[in-house]
Amino acid sequence: MSSYKLTGRESLGVEFGSTRIKAVLVDEECNPIASGSYTWENRFENGVWTYPLSQVWEGLQAAYAELHLEVFEKTGEYITSLASIGFSAMMHGYLPFDKDGNQLAEFRTWRNTITADAAAELTKLFNFNIPQRWSIAHLYQAILNGEEHVKDIDFLTTLAGYVHWKLTGERVLGVGEASGMFPIDSETCDYNKAMLEEFSSLDSVKQYDWDITDILPSVKGAGDIGGILSEEGAKLIDPSGRLKAGIILCPPEGDAGTGMVATNSVTVRTGNVSAGTSIFSMVVLEKPLSSVYEEIDIVTTPTGKDVAMVHCNNCCTDLDYWVNIFAEFAKASGSDIPKYKIYDILYEAALGGDADCAGLVNFNYLSGEPVTHTDDGVPMFIRRHGCNFNLANFFRAQIYSTMSTLKIGMKILEKEDVKIDKLTGHGGLFKTPVVGQKIMAGAMNAPVSVMATAGEGGAWGIAVLARYAAEPKGMSLEDYLETQVFSRYESTTIEPDKKDVDGFNRYMELYETALDVEKAAYKSFK
């Protein structure tokens with residue numbers, strides 16, 4: 001049992017990630033005290049990537065119970081009160097409800113690429129890129145499809161907004177997550193009024209009784225109070241009844257926003273790369289881009305600053321499947337190597353490979369990728385005849401594939417002369433020391449830092465935002481993170497190696513040429 005004693009001033013952060021629901025409890029200085037998690041997986045049902053909402057509550061309660069058990073083992077005390085709570089989740093998507101709170105359609109996640117027509121029409125209408133995963137694209141596609149449920153919509157939100165609503169009764173979102181529902185005006189930190197009017201003026205939208213401004217969540221910034229935990233909400237988190245109502249909640253955010261917070265990447269000319277089930281980069285802009293790019297999403301920080309985002313649907317999942325094959329082989333050979341060690345062995349082997357993978361190419365596409373204009377995906381490994389086919393090159397190609405699509409988007413920012421003083425990596429790709437960080441530095445041709453807090457991820461990031469909401473005001477989020485949080489944490493930085501930069505560029509030439517093979521594969525291999 002540790003010497004730590006609960007004070008009631010702790011903050012709780014919970015993030016509903018793509019493969020794991022994680023809860024983190026922090027003290028008043030944002031130091032992690034305990035954590036808990038629950039594993040879940042998306043389902044492909046009736047042509048839609050989704051999760052059942054019943055599993056949201058099952059997972060939340062399981063993650064909180066595991067965290068609570070760790071707290072009790074460390075302190076001998078139960079959690080009854082907290083200073084604040086925050087919830088975040090995988091970004092955007094589509095969750096519509098009627099006036100009685102009934103769910104009208106399956107939860108359509110970020111992974112779906114089923115809104116191409118709507119996204120293209122809205123991008124043209126607004127002269128502003130609307131990605132397929134954004135909530136407004138899903139809504140408009142449902143309108144174009146003539147889906148019956150649309151007429152009954154009373155509230156449209158994201159997964160983070162849904163959880164927050166059920167716990168507080170408040171229909172709100174943090175500005176960063178709201179910027180993935182509908183475009184945000186960074187001057188007002190609210191939905192773009194002109195674009196709302198343009199959307200409402202569409203003949204296909206006028207047929208409905210609802211108004212877009214009424215069905216979207218209201219927008220709040222970092223430091224605002226998002227709501228108060230209700231009696232019913234407290235029991236949804238902790239069915240034992242120990243957790244009391246009345247706790248403040250910060251505005252709910254998406255995993256993009258919490259990733260920025262968790263890496264201290266909320267100031268201009270900073271950026272981060274989140275690499276897990278999906279991979280995306282976020283770069284805080286000094287000035288607007290000169291053109292509209294469908295590969296670049298313009299979202300915001302949790303304080304409303306414009307951010308250029310390159311989002312790719314596929315990252316580590318295909319790589320994990322290959323690791324499982326090696327784990328099965330190890331077990332079949334009688335070797336009792338733990339799974340984490342197999343990851344380390346394979347990652348470290350990749351460092352010995354040729355910088356360009358010597359003619360090996362991997363596509364990690366379990367689903368489509370809007371950045372490369374692929375409507376669907378088939379994971380595919382190909383190689384040239386006579387190439388240097390060995391373990392090092394094979395696994396280096398697996399790691400390269402996790403960041404290849406991201407590179408295509410980032411090249412646009414290079415042409416726009418977007419300056420990045422600091423690029424910070426976090427997520428599963430960086431768990432093995434050095435390897436992912438070094439390869440990413442070469443791929444992005446930029447220094448890549450990894451912080452000691454990177455393992456805590458977005459759940460810690462939303463806990464920090466919850467802590468910030470409970471702090472006395474008078475300090476910006478940027479200053480709060482710099483002086484009160486990250487001044488205590490160490491980070492390591494790896495500069496790009498020219499050999500890696502040149503090698504990755506050669507790999508990308510072959511990768512982009514082979515994209516036609518990938519497109520042919522998903523069209524013919526069903």
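1. In this predicted model, helix α13 (residues 391-415) lies across three strands, namely β16 (270-275), β17 (279-284) and β19. The helix runs at about 25 degrees to β17.

2. The strands that α13 lies across, β16, β17 and β19, belong to an open sheet of seven strands with mixed pairing. The strand order is β18-β19-β17-β16-β22-β23-β24. The edges are formed by β18 (297-300) and β24 (491-494), each of which pairs on one side only. On average, neighbouring strands of this sheet are turned by 30 degrees against each other, direction ignored.

3. At the β18 edge, the pairing can be described in detail. Strand β18 is joined to β19 (residues 306-312) by four bridges, and the two strands run antiparallel. Thr-300 has Asp-306 of β19 as its bridge partner.

4. A separate point concerns a pair of helices. Helix α1 (residues 53-75) packs against helix α4 (residues 159-168) at an angle of about 70 degrees, and their axes are 12 Å apart. Because angles of 65 to 115 degrees count as roughly perpendicular, α1 is roughly perpendicular to α4. The crossing of these two helices is right-handed.

5. The residues at this helix contact can be named on both sides. From α1, Leu-53, Val-56 and Trp-57 take part, and they meet Leu-159, Tyr-162, Val-163, Lys-166 and Leu-167 of α4. By class, the contact of α1 with α4 comprises seven nonpolar residues, one charged residue and no polar residues. The charged residue is Lys-166 of α4.

Notes:
Residues numbered from 1 in each chain as written. Predicted model: local features only at pLDDT ≥ 70, side-chain atom pairs only at ≥ 80, totals over all residues. Heavy atoms only, no water. Pairing = 2+ DSSP bridges. Axes fitted to C-alpha atoms, helices over the stretch in contact; angles between N-to-C directions. Contact = heavy atoms within 4.5 Å. Parallel < 35°, antiparallel > 145°, perpendicular 65-115°, else oblique. Left-handed = near helix turned anticlockwise from the far one by under 90°.
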